[in-house]
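Trainee: I should be grateful for a close look at one part of this structure, namely how two of its helices pack against each other and what lies around that contact.

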Amino acid sequence: MRRTGTTRRGALTATGALALGAVLTGCGGDDEGAGGKKPAHSGARATTAKAEKALREKAVSDSALLLARYDLVAEAHPATAAGLVPLRAAVAEHGKALAPPRAKGEPKGDKAPPAPAGPVSADPKAAVRELAAAERRRADTHTEALLTAGPELARLLASVAAAAAAHAYLLTELAEETAV
């Protein structure tokens, strides 16, 4: 009767094959290439870095617009301000986390936040619902950006998108609790 399943010999053979594959993959050469020339993919890295910086700058700009929107809603409807403070603080932290790293000696680029488009609704419930819609758009924008972002930025964008979706939910609940 023949034994079925994994045998010691089969396990050792598979382990050896995996180890050999890993060694051969690692022997592909270094980034310097032959003859001291630059590698062919260095241009791709520069393009990727530019694209990542552009993604980060857009995310920071979107966060600044959303912060200004939070401020307008809190100013127009003081009864909602207490519920908006923690969410606004989180959006500010997201903007800081998404900011592109500065080069050595580069001046700190503190710009005035852009003014959000359009006035705030006179109805507090509607104003908070509009804020929830803005958070949903932010979550969608960050989720779409995952397709072009590098691994580290993608993880950060995914976290911020999840937080924005949670903010949208919390703002929807706040809108329901807000008295007209």
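Mentor: The following account begins with the chain as a whole and then turns to the helix pair, the cores and one loop residue.

The model is predicted. Its chain holds five helices and zero strands, so that the order from the N terminus reads α-α-α-α-α. Of the 180 residues, 28% count as buried. The exposed surface of the chain comes to about 12100 Å², and carbon and sulfur atoms supply 61% of that area. Among contacts between residues at least 6 apart in sequence, 80% join residues at least 24 apart.

The pair to examine is helix α3, residues 78-98, with helix α5, residues 151-177. Their axes lie 11 Å apart and form an angle of about 170 degrees. Angles over 145 degrees count as roughly antiparallel, and α3 is therefore roughly antiparallel to α5. On the α3 side, the residues that meet α5 are T80, G83, L84, L87, A90, V91, H94, A97 and L98. Their counterparts in α5 are L153, L156, L157, V160, A163, H167, L170, L171 and L174. By class, this contact has 14 nonpolar, four polar and no charged residues.

In soluble globular proteins, nonpolar side chains tend to be buried together. Here, the largest nonpolar core has 17 residues. Those with the most contacts inside this core are L66, Y70, V73, L84, V128, L131 and L171. Two or more residues each come from α2 (42-76), α3, α4 (124-145) and α5, and α4 gives the most, with five. L84 and L171 thus appear both in the core list and among the residues of the α3 and α5 contact.

V128 offers a view of this core from another residue. Apart from neighbours within four places in sequence, V128 is in contact with V73, T80, L171, L174 and A175. Of these partners, T80 belongs to the α3 side of the helix contact, and L171 and L174 belong to the α5 side. A second, separate core has eight residues, among them A149, L153, A154 and L157. L153 and L157 also meet α3 from α5.

Beyond the helix pair, P100 is found in the loop between α3 and α4. P100 has a relative accessible area of 22% and is partly exposed, the limit for a buried residue being under 20%. With neighbours within four places in sequence left aside, P100 is in contact with K53, R56, E57 and V60. R56 is 44 residues from P100 along the chain, yet their C-alpha atoms are separated by 5.7 Å.

Methods. Residues numbered from 1 in each chain as written. Predicted model: local features only at pLDDT ≥ 70, side-chain atom pairs only at ≥ 80, totals over all residues. Heavy atoms only, no water. Axes fitted to C-alpha atoms, helices over the stretch in contact; angles between N-to-C directions. Helix = DSSP H or I, 4+ residues; strand = E, 2+ residues; numbered from the N terminus. Parallel < 35°, antiparallel > 145°, perpendicular 65-115°, else oblique. Contact = heavy atoms within 4.5 Å. Nonpolar A, V, L, I, M, F, W, Y, C, P; charged D, E, K, R; others polar. Buried < 20%, exposed > 50% of the residue type's maximum accessible area, 1.4 Å probe, protein only. Areas by Shrake-Rupley, 256 points an atom, 1.4 Å probe, with all protein chains shown as cover. Core = buried A, V, L, I, M, F, W, Y, C linked by side-chain atoms within 4.5 Å.
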